[in-house]
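Me: Please take one part of this model and go through it closely: the aromatic side chains and what lies around them. I am in my first year, so give the cut-off for each term when you use it.

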Amino acid sequence: MNYIIIIGVIIALLAIYTIVSTAMSLKKAPERLSNAKKLYANGDSNAALKELGEAFALPFNSKITPEYKVHLLGVLDLLQEILNSMNISSDKLLSKLYKRLNEATKTIELQENLYKPVQEFFENTESDEKLVEFLKKAVISGDISVVASESDENVLTTSERTTEFVNRAGKLMLKGQPLQAAEVYNEALTHTWDKHDEAFLLDQLGSCYLMNKDLESAEANYKKSIAIDAYFQNVWNYCDFLAYYKRTDEAKTHLPQLEKLILNKSDQKEYDRLFKKFPDLK
């Protein structure tokens, strides 16, 4: 009889601990999201993902209020932005959860199949090794895919020859090794490419140097990329670079060129987002 009482007390204490721990996580979640944004802006994607995992806190009963929905959508937006910067397609991982949250107009209870894949992803951001291994398995299973560029008819596409280098560099970026990723793109650029492929590789190289906080090399490669073949993404990246480092007047000189390169709704959304990020550009 005593054993039953002891077991009952232990279960009760564990339940109380879980409830209190969940409440604390929910309270700190907005601060965690803010920290993740700062880390990502400073070029530390791995640390940003870990912090973002802490921001992805769900109530004990999985009931999401309209107010908390806004926070979760912010988490998913940043996660998608980070993965996009690593050339990782996250549609299968996020789309169903994102859609359910967006459609909700009142308090809802999230089904486990919607949030569990995202939880599992964040559980594997505890270390670079775990994340790389998880991503390898996810690519094989088809849950995520590594892509070189968008592929609809209104987007300039890169050739399949770039995929090998994008995959290799992307894995290094995920491990927090932007300089090693830059070496992959430098290797790629020793080959002969058409204009768009070469411009794409130089743009990627510039982003690697930016992640390594080598601003001079980053800018030099962004400029080379645009000089060879100006397209929406490389001009956007350069404008974003200039605006972030408060070279607003220089960024403004490139905005008319960027506007002319808009090919689809996605480009228009990114163009508008630039002004939301940097109101001084208006």
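The reply starts with the chain as a whole and its confidence, then turns to the aromatic rings, the surface patch and the salt bridges.

Reply: The model is predicted, so local features are given where pLDDT is at least 70, side-chain atom pairs count only at pLDDT 80 or more, and totals for chains, interfaces and linings use all residues. Residues are numbered from 1 along each chain as its sequence is written, and side-chain values use heavy atoms, with hydrogens and water left out.

The chain has 282 residues, of which 41% are buried. Buried means under 20% relative accessible area, exposed means over 50%, and partly exposed is in between, with a 1.4 Å probe and protein chains only. The secondary structure comes to 13 helices and 4 strands; these are DSSP runs numbered from the N terminus, with helices (H or I) of at least four residues and strands (E) of at least two. The accessible surface of the chain is about 15,900 Å², and carbon and sulfur atoms account for 54% of that surface. Such areas come from the Shrake-Rupley method with a 1.4 Å probe, and for residues only the protein chains shown count as cover. Among contacts (heavy atoms within 4.5 Å) with a separation of 6 or more, 58% are between residues 24 or more positions apart.

Confidence comes next. The mean pLDDT (the predictor's confidence in each residue, from 0 to 100) is 82, and 83% of the residues reach 70 or more. Helix 10 has the highest confidence, with a mean of 97, while helix 1 (residues 2–41) has the lowest, with a mean of 63. Over residues 12–23 the pLDDT stays under 50, and the model has 5 contacts beyond four places in sequence for this stretch. Residues 148–153 are also below 50, with 15 contacts beyond near neighbours in sequence. Where pLDDT is low, the predicted coordinates should not be read in detail.

Now the rings. The whole structure contains 9 aromatic pairs. Rings of Phe, Tyr and Trp (its six-membered ring) pair if their centres lie within 6.5 Å; planes under 30 degrees apart count as stacked, over 60 as edge-to-face, and the rest as tilted. One pair is F165 with W193: the centres are 6.0 Å apart and the planes stand at 75 degrees, so this pair is edge-to-face. F165 is in helix 7 (residues 163–174), whereas W193 is in the loop between helix 8 (178–188) and helix 9 (195–211), so the pair links distant parts of the chain, 28 residues apart. Both F165 and W193 are buried.

Y238 and F241 give a different angle: their planes are at 15 degrees and their centres 6.2 Å apart, so they count as stacked. These two residues are 3 apart in helix 11 (residues 232–244), about one turn of the helix. Y238 is buried, at a relative accessible area of 3%, and F241 is buried at 3%. Y238 and F241 belong to one aromatic cluster with Y222, Y244 and Y245.

Two members of that cluster, Y244 and Y245, also take part in a nonpolar surface patch with L215, and together the three have about 230 Å² of accessible area. Patches are made of residues with over 30% relative accessible area and no salt bridge, with like charges joined within 9 Å and nonpolar side chains (Val, Leu, Ile, Met, Phe, Trp, Tyr) joined within 5 Å. L215 is in helix 10 (residues 215–228) and counts as partly exposed, at 30% relative accessibility.

Salt bridges complete the picture. There are 10 in the structure, each a side-chain nitrogen of Lys or Arg within 4 Å of a carboxyl oxygen of Asp or Glu. E187 and R168 form one of them, at 2.8 Å from N to O. E187 is in helix 8 and R168 in helix 7, so this bridge ties together parts 19 residues apart in sequence. E187 is partly exposed at 35%, and R168 is partly exposed at 33%. E250 and R247 form another bridge, again given as 2.8 Å from N to O. E250 is partly exposed, at 36%, as is R247, at 24%. R247 and E250 are linked with E219 and K223 in a network of salt bridges.
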